[in-house]
Amino acid sequence: MSRPYKFIIAIELHPGTRSEILARAPEVQAATRAEPGCLSYNFFTCTDDPDRLVFVETWKDEAAHASHMEQDHTKRFIAFHEQFHRSLTFETINTGT
């Protein structure tokens, strides 16, 4: 039996670009949450740094996440928000056994 695949993505943005990403985020969030294998998909703004976003995702397994990465809405959203990145950190979280 596979265990959930969970991770955190922290994005450091170019100053003043957060609102452009947040304007498109709810649409992709709804589409992503409707995907098979998506257990949770949330994004957060940091109260102490307006130029930092954090995404926390949990998938049934790595295969479900791989399928998500092939979806058109995912590819479009990534291509859109990458232009605003100063840096991106991807950290896998151990969800236990």
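**From helix α3 inward to the central strand**

Let's start on the outside: D72, R76 and A79 are exposed residues on the face of α3 that is turned away from its buried side. Here "exposed" stands for over 50% relative accessible area, "buried" for under 20%, and "partly exposed" for anything in between, computed with a 1.4 Å probe on protein chains only. The helices (H or I, at least four residues) and strands (E, at least two) are DSSP runs, numbered from the N terminus. Please keep in mind that this is a predicted model, in which local features need pLDDT of at least 70 and side-chain atom pairs count only at pLDDT 80 or more, while totals for chains, interfaces and linings use all residues. Residues are numbered from 1 along each chain as its sequence is written, and side-chain values use heavy atoms, with hydrogens and water left out.

Now turn α3 over. Its buried residues are H73, T74, F77, F80 and H81. Viewed down the helix axis, these residues fall within an arc of 135°, so they line one face of α3; the arc is taken from the directions that lead from the helix axis to the C-beta atoms. What lies over that face? The cover of the buried α3 residues includes β1, α1, β2, β3, α2 (62-69) and β4 (85-93). Contact here means heavy atoms within 4.5 Å.

F77 is a good residue to follow from helix α3. With a relative accessibility of 6%, F77 counts as buried. Beyond the residues up to four places away in sequence, F77 touches I21, R24, A25, V28, Y41 and F55. F77 and V56, by comparison, are 21 residues apart in sequence, and their C-alpha atoms are 16 Å apart in space.

Helix α2 has a buried side too, where A64, H65 and H68 are found. Down the axis of α2, the buried residues fall within an arc of 100°, so they line one face of this helix. On the other side of α2, E62 and A63 are exposed. β1, α1, β3 and α3 are among the elements that cover the buried residues of α2. At the N-terminal end of α2 sits a cap: a side-chain oxygen of D61 lies 3.3 Å from the backbone nitrogen of A63. In the loop between α2 and α3 you will find Q71, which counts as partly exposed because its relative accessibility is 29%. Q71 and E35 are 36 residues apart in sequence and 9.3 Å apart in space, C-alpha to C-alpha.

Next, the strands. Of the 11 residues in strand β3 (residues 49-59), 8 are buried, so β3 is largely enclosed by the rest of the structure. Which strands pair with β3? Strand β1 (residues 5-13) pairs with β3 in the antiparallel sense over 8 bridges, and strand β2 (residues 38-46) also runs antiparallel to β3, joined to it by 8 bridges. Two strands are said to pair if DSSP finds at least two bridges between them. V54 of β3 is a handy landmark: V54 is the bridge partner of A10, and F44 stands opposite V54. The link from β2 to β3 is a hairpin through 2 residues.

Helices and strands come together in the largest nonpolar core, which has 17 residues; L13, I21, Y41, F55, W59 and F77 have the most contacts inside it. Such a core is a set of buried Ala, Val, Leu, Ile, Met, Phe, Trp, Tyr and Cys residues joined through side-chain atoms within 4.5 Å. Two or more residues come from each of β1, α1 (18-33), β2, β3 and α3 (72-82), and β1 gives the most, with 5 residues. Setting aside neighbours within four places in sequence, L13 is in contact with R18, I21, D51, L53, F84, H85 and R86.

E12 lies in strand β1, and at 19% relative accessibility E12 counts as buried. The side chains of E12 and R52 are joined by a polar contact of 2.7 Å. That term covers a pair of N or O atoms within 3.5 Å; within protein, one must be able to donate a hydrogen and the other to accept it, and residues adjacent in sequence count only if both atoms are side-chain atoms.
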